Amino acid sequence: MPTTPPAPSGIRTLPSWLLGRAAARGRSLVAEALAGEDMKMWHHVVLSAVADQGPVAQAALGRSISLDPKDLVGVINDLQDAGLVVRAPDPADRRKNAITITEDGERTLDRCAEVAWRANNELLAPLSAAERKQFLALLTRISGTEA
């Protein structure tokens, strides 16, 4: 397997570069784990969002996860074809579609959540439990996603 040459010395110590490398490794581990469940990353994100928000209007779903409407339609089509979500007219506004997760979708999401956590545990394996807690707290702060 070819290795990636190191970044120039003026770059490889930048926090932004290190975070990017860690994120790329994390995405790769999670994508590989999800592939074992016949799921892609965006499919997992959309299915998770539908589980949290559903039934949810298709447009609101796309906005909530920052996914382009054209891309969202393809992901929803795939999830619907797999029997993981149902797209039906929104009872509040029949001109819109509402997306709802199915029982099969919930079971799939449970399996995907488990393998995604295992992949993240692999990513964080070099850290102790205390370091993981601190690392996640710091990432939350610098990412601007504090609740």
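**Entry 1: D90**

Which strand is D90 found in? I looked it up, and D90 sits in strand β2. I note at the outset that this is a predicted model.

Next I checked the burial and charge pairing of D90. The residue is buried, yet it has no salt bridge. I looked for the nearest side chain of opposite charge and found K96, 6.0 Å away. The cut-off for a salt bridge is 4 Å, so this pair does not qualify. I then listed the contacts of D90, leaving out residues up to four places away in sequence. They are A57, K96, N97 and A98.

**Entry 2: the sheet**

I moved from D90 to the strands. How many strands does the open sheet have, and in what order? It has three, ordered β1-β3-β2, and the pairing is antiparallel. β1 and β2 are the edge strands, each pairing on one side only. I then looked at what packs on the sheet. Helix α4 does, touching β2 and β3. The direction of α4 makes about 120 degrees with that of β2.

I took the strand pairs one at a time. Strand β2 covers residues 85–90, and six bridges join it to β3. The two run antiparallel. For a register point I picked A88; its bridge partner in β3 is A98. I also noted that A98 is among the residues D90 touches. β2 and β3 form a hairpin, with two residues between them.

On the other side, two bridges join β1 to β3, again antiparallel. Here V56 stands opposite I99 in β3.

**Entry 3: the nonpolar core**

I asked which residues of the largest nonpolar core touch the most other members. The core has 26 residues, and the answer is V46, L47, V50, L61 and L79. I then checked which elements supply the core. At least two residues each come from α1 (15–35), α2 (41–53), α3 (58–65), α4 (69–81), β3 (93–101) and α5 (103–123). The largest share is that of α5, with five residues.

I followed L79 further. Leaving out residues up to four places away in sequence, L79 touches M39, H43, V46, L47, L84 and V85. Two of these, V46 and L47, are on the list of best-connected core members too.

**Entry 4: H44**

Is H44 buried or exposed? H44 lies in helix α2. Its relative accessibility is 14%, so it counts as buried. I listed its contacts with the same exclusion of residues up to four places away in sequence. They are L34, M39, L109, C112, A113 and A116. M39 also appears among the contacts of L79.

**Entry 5: backbone checks**

I looked for unusual backbone values. A cis peptide bond joins G54 and P55, with omega about -10 degrees. P55 lies in the loop between α2 and β1 (56–57).

I then looked at positive phi in residues other than glycine. D38 has phi near 55 degrees. D38 lies in the loop between α1 and α2. It counts as exposed because its relative accessibility is 75%. S66 also has phi near 55 degrees. That residue is in the loop between α3 and α4. At 66% relative accessibility, S66 counts as exposed.

**Entry 6: salt bridges**

How many salt bridges does the count come to? The total is five. I looked at several of them.

D68 and K70 meet through their side chains at 3.5 Å, N to O. D68 is partly exposed, at 33% relative accessibility. K70 is exposed, at 67%.

D93 pairs with R95, the closest N and O atoms being 2.8 Å apart. I compared the burial of the two partners. D93 counts as buried, at 16% relative accessibility. R95 is exposed, at 77%.

E114 and R118 form a salt bridge at 2.9 Å, N to O. Why do I read their spacing as about one helical turn? They are four residues apart in helix α5, so about one helical turn separates them. E114 is partly exposed, with a relative accessible area of 48%.

I end back at D90: this buried residue has no salt bridge, whereas buried D93 has one with R95.

Key: Residues numbered from 1 in each chain as written. Predicted model: local features only at pLDDT ≥ 70, side-chain atom pairs only at ≥ 80, totals over all residues. Heavy atoms only, no water. Core = buried A, V, L, I, M, F, W, Y, C linked by side-chain atoms within 4.5 Å. Buried < 20%, exposed > 50% of the residue type's maximum accessible area, 1.4 Å probe, protein only. Contact = heavy atoms within 4.5 Å. Pairing = 2+ DSSP bridges. Lys, Arg positive; Asp, Glu negative; His and termini not counted. Axes fitted to C-alpha atoms, helices over the stretch in contact; angles between N-to-C directions.
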